[in-house]
Every structure is written in C-alpha cells, then in structure tokens.
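Here is a short report on helix packing, aromatic pairs and a few single residues. Keep the 3D view open while reading.

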Amino acid sequence: MKFVAQTFKTEKRLILISFSIFALSCILGIVAGLYFGDEIQKFITQYVRKLFENILKNAKNPYLLFLAILKNNMKVYLITITVGTLTFGLVSVFVLLTNGFIVGAVATISAKQISIAKTLLLILPHGIFEIAAFIIGSAASAIFLESAVFSKEKPNLNIAFKRFLTLAICGATLVVFAAFIEAFVTSSFAK
C-alpha cells in the first residue's frame, strides 16, 4: 500500500497532465455543444447512439448491463495502457481528447434538453471513477517515456515497470467499479 501511495505521489505530474488534457477537451466539448449543438446531436444520433445500442443490445438486466459496460470500457482501457505505452502516451492523449470532448458536448446538449441536475445524475455517479481510471491509465502509459527521456537519473526500468503496473491496476479497478455503478446506480436515474 505504501508503494501505491508513493507511486501516485511520484507520478502526480503525469496524472495532472492527463487530467488537464481531459479537462481542456471537456471545455472544448462544452463550447462546441453550446455553439454547434444541432450538428453534434446529429452525429450522436448517427454514430454514438448506434455504438451504445450495439454494446447494450443483450443487456436485459443489470448484471448483463454491467458485463456489457465492463467489456467495452475495459477494452478501451487496455488499448489506452498498452497501445498508449507503445506510442509513448500518444494514443492515450487521443483517448483523453476524444472522451473529454464527447463528455463535454453530450453533457451540454443533455443539460439543454433535460436539465443540468438530471444530466449530472446520469454522468457523475460512474463518471468520476471512469474518468479517473482513464486519467490514471493515460498517466501510466507515459511512465516509460518520462523515465527514459525526462528523468535526471539513469532510467530504472524495473521501478518504472512497477509504477506502470501499480497505476494500471488501480485504473483497471476503477473501470470495474465505474461499470458496476453505471449498471446498478446510474441506469436507475435514466428511467
């Protein structure tokens, strides 16, 4: 447990950078939702809704919904940490940018249509954990780049790998927790 806390402290800069990327893209999504809401709504209707319908087509109860959400989110998370690591964090930045933009735009459009309070109920319970998972996973994907390029000392790949694994497991745990909350709590607000 001490190593986990130490890892988060050591990698706080990467976590803060990942958070900043997500937050800035979320703000861009909010602005886009305010000014281009109709166009974004068409895109959401055509592509994003079909994606979610495909993911959730066999989710007849909360347990199946949990498994469907978990499968989708874990797939994206694993891509973020593996391909993100192989690309020294570039894929992770793309995932943060697209997800932040979509969250901001969809939240803005939803708030206009149903209300800010209901929108927050549909996003926050699971979103806090899901967004944190992807921020942590994105930070993990840049650990090797940071230790190889930006470290003042000789890179220690053993320690870098342990930190990577620590953040990756913490993020994966949050993905599972977020999927559980989305299936059993957030879905009740959607009705």
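Helix 2 passes helix 6 in a right-handed crossing. The model is a predicted one. Helix 2 covers residues 12-35 and helix 6 covers residues 116-141. They pack at an angle of about 125 degrees, and their axes are 8 Å apart. That angle makes helix 2 oblique to helix 6.

Which residues make the contact? On helix 2 they are L14, I15, S18, F19 and F22. On helix 6 they are I131, I135, S138 and A139. By class, the contact of helix 2 with helix 6 has 7 nonpolar residues, 2 polar ones and no charged ones.

**Helix 4 against helix 6**

Helix 6 also packs with helix 4. The axes of helix 4 and helix 6 come within 8 Å and cross at roughly 20 degrees. Angles under 35 degrees count as roughly parallel. Helix 4 is therefore roughly parallel to helix 6. This crossing of helix 4 and helix 6 is right-handed.

Helix 4 contributes N73, V76, Y77, T80, I81, G84 and T85 to the contact. Helix 6 contributes E130, A133, F134, G137, S138, A140 and S141. The class count for helix 4 with helix 6 is 6 nonpolar, 7 polar and 1 charged.

**Helix 2 against helix 5**

Helix 2 packs with helix 5, residues 90-113, as well. The angle is about 35 degrees, and the axes are 6 Å apart. Helix 2 passes helix 5 in a right-handed crossing.

The contact list runs along both helices. From helix 2 it takes S18, I21, F22, S25, C26, L28, G29, I30, A32, G33 and L34. From helix 5 it takes V93, L96, L97, N99, G100, F101, V103, G104, A105, T108, I109 and K112. The classes here are 14 nonpolar, 8 polar and 1 charged.

**Aromatic pairs**

How many aromatic pairs does the structure hold? There are 7. A pair of aromatic rings is described by the distance of the centres and the angle of the planes.

Take Y77 and F134. Their ring centres are 5.8 Å apart, and their planes stand at 75 degrees. Planes over 60 degrees apart count as edge-to-face, so the pair of Y77 and F134 is edge-to-face. The pair links distant parts of the chain. Y77 sits in helix 4, residues 62-86, and F134 sits in helix 6. The two are 57 residues apart. Are Y77 and F134 buried or exposed? Both Y77 and F134 are buried. Y77 and F134 are also among the residues in the contact of helix 4 with helix 6.

A cluster also forms. Ring pairs join Y63, F66, F180 and F184 into it.

**Single residues**

Four residues are tabulated here by place and relative accessible area.

| Residue | Place | Relative accessible area |
|---|---|---|
| F177 | helix 8 | 39%, partly exposed |
| V185 | helix 8 | 34%, partly exposed |
| F88 | loop between helix 4 and helix 5 | 49%, partly exposed |
| S115 | loop between helix 5 and helix 6 | 27%, partly exposed |

Why does F88 count as partly exposed? Buried means under 20% relative accessible area and exposed means over 50%, with partly exposed in between. F88 has 49%, so F88 is partly exposed.

Start with helix 8, residues 157-190, where F177 lies. F177 and H126 are 51 residues apart in sequence. In space, their C-alpha atoms are 7.9 Å apart.

V185 is placed in helix 8 too. Leaving out residues up to four places away in sequence, V185 touches P125 and F180. F180 belongs to the ring cluster with Y63, F66 and F184. V185 and N156 are 29 residues apart along the chain, and 43 Å separates their C-alpha atoms.

Now the loops. F88, in the loop between helix 4 and helix 5, has a phi near 55 degrees. That value is positive, in a residue other than glycine. S115, in the loop between helix 5 and helix 6, has a positive phi of about 145 degrees. S115 is not a glycine either.

Conventions
Residues numbered from 1 in each chain as written. Predicted model: local features only at pLDDT ≥ 70, side-chain atom pairs only at ≥ 80, totals over all residues. Heavy atoms only, no water. Axes fitted to C-alpha atoms, helices over the stretch in contact; angles between N-to-C directions. Helix = DSSP H or I, 4+ residues; strand = E, 2+ residues; numbered from the N terminus. Parallel < 35°, antiparallel > 145°, perpendicular 65-115°, else oblique. Left-handed = near helix turned anticlockwise from the far one by under 90°. Contact = heavy atoms within 4.5 Å. Nonpolar A, V, L, I, M, F, W, Y, C, P; charged D, E, K, R; others polar. Phe/Tyr/Trp six-rings, centres within 6.5 Å; stacked < 30°, edge-to-face > 60°. Buried < 20%, exposed > 50% of the residue type's maximum accessible area, 1.4 Å probe, protein only.
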